[in-house]
Amino acid sequence: MSATTASVTPGKPTGPRFRIPKVPFWAQIVAGLALGVLLGWLARSQDISWLKDTLDQVGSIFVQLLKLAVAPLVFFAILVSITNLRKVNNAARLATRTLLWFMITSLIAVAIGLALGLLTNPGAGTGLTPKDGKAPENRGTWIDFLTGIIPTDIITPFATLEVLQIVFMAVVAGIAALALGEKAKPILTLSEAVLELLQKALWWVIRLAPLGTVGLIGFAIADYGWDLIGKYATFTADVYIGCALVLFGVYPLLLATVAKVNPIQFFKGAWPAIQLAFVSRSSVGTMPVTQKVTERLGVPKDYTSFAVPFGATTKMDGCAAIYPALAAIFIAQIFDVQLGIQDYLLIAFVSVVGSAATAGLTGATVMLTLTLSTLGLPLEGVGLLMAIDPILDMIRTATNVAGQALVPVIVAAREKILDLDAYNAASASPVDEYDAREAEQKVTVPVAA
């Protein structure tokens, strides 16, 4: 049997004459935002119930797919990241510096939130009264926070998505694996393989982000509308301005003065993770992208695999610093409670110490109730903010994720382990880059005729 040879006409190009241009992932997200706003406005203005329900279902399915991987992803990411520290020189020093910068940036963020709240009085002139609020079903107290870290069994935290308890078990397992040494190698190999599998599956979900964007943004507009946002105009503006000041003011300043790198280049590299966080409202769901962009910014992979999962569950400048500071002032004004210097100091303390209570999931209700209970403010005030929470959570989560990528860059730069060539070259979307690498790994097999 002989192989057939295809004839090629000289002077004519081979292959398809027209190729559909590949749309960058960031452009797909932007298009999803625009389409979502348009469909949401249409559903609300024309009272199209089926369109509103469809948008709700599309957005809910996307978020549910992200949440599906949260529990095992957090466990194996934390476990593997702790064991990876054995490959890093000065691991204890890096871990300490990382935690320190988490605290420093949280303090700066909460100070900005308090300053904005005191300057603008977000609770004044809203027309809202204490009877408009109701206590949330889920609340956070220091007793619950401390006792809730240790699970009663192994299965329940995974079934009920108690992320803080999952983190605790992962840390214990990671430390035990380090102590066992070579005996734990089979477990570590399995854990790394499972983590790769989870991240691969999550990449497929992330590719659906443009569709998820249409549903999430569209339903938010259709359900809440602009009238509700108007009632909370000052508070909403404060949250967005506060996050913007941290995101585009404090972070670039730290990059330029502390890390001594180009801040614009940071946003070029980190933007895919920031925009996905804005849409998904989940730090943990965005974690694989955050880790890839941080590596692409020149941070060593072994250090990134520790710092990013650690940050995804504890580093919350938006949800745990800016937002609870503004919300506490807002609720205090609605309930006519005077806050003093000691109360503002307590807010700062809770923001730094209790930020792990947010656990990287969508929403910051637990963190807010923890803050209110510490200050002695009525928990019914949380009900006043629940209606507007999805709109606020987008910018909060984007700020969280930017901080989770920022701190490893700062620490790596200070420790002289940042790859400056990689940092200055970072620009491509990680999703497109990942697909390109996968395509390169495919082997073309010739077919015999």
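1. A crossing of two helices is called left-handed if the near helix is turned anticlockwise from the far one by less than a right angle, and right-handed if clockwise. By that convention, helix 13 passes helix 18 in a right-handed crossing.

2. This is a predicted model, in which local features need pLDDT of at least 70, side-chain atom pairs count only at pLDDT 80 or more, and totals for chains, interfaces and linings use all residues. Residues are numbered from 1 along each chain as its sequence is written, and side-chain values use heavy atoms, with hydrogens and water left out.

3. The chain holds 20 helices and zero strands (DSSP runs numbered from the N terminus: H or I of at least four residues for helices, E of at least two for strands). Of its 449 residues, 52% are buried (under 20% relative accessible area, 1.4 Å probe, protein chains only).

4. Helix 13 covers residues 301–314, and its end C-alpha atoms are 20 Å apart, which agrees with the 20 Å expected for 14 residues (1.5 Å times one less than the number of residues). In helix 13, 11 of the 14 residues are buried, among them Y303, F306 and P309. Their cover includes helix 3, helix 4, helix 7, helix 12 and helix 18.

5. The axes of helix 13 and helix 18 come within 9 Å and cross at roughly 140 degrees (lines fitted to C-alpha atoms over the stretch in contact, with angles from 0 to 180 degrees between N-to-C directions). The pair is therefore oblique (neither under 35, over 145, nor 65 to 115 degrees). In contact (heavy atoms within 4.5 Å), Y303, A307, V308, G311 and A312 of helix 13 meet Q404, V407, P408, V411 and A412 of helix 18.

Definitions and conventions
Buried < 20%, exposed > 50% of the residue type's maximum accessible area, 1.4 Å probe, protein only.
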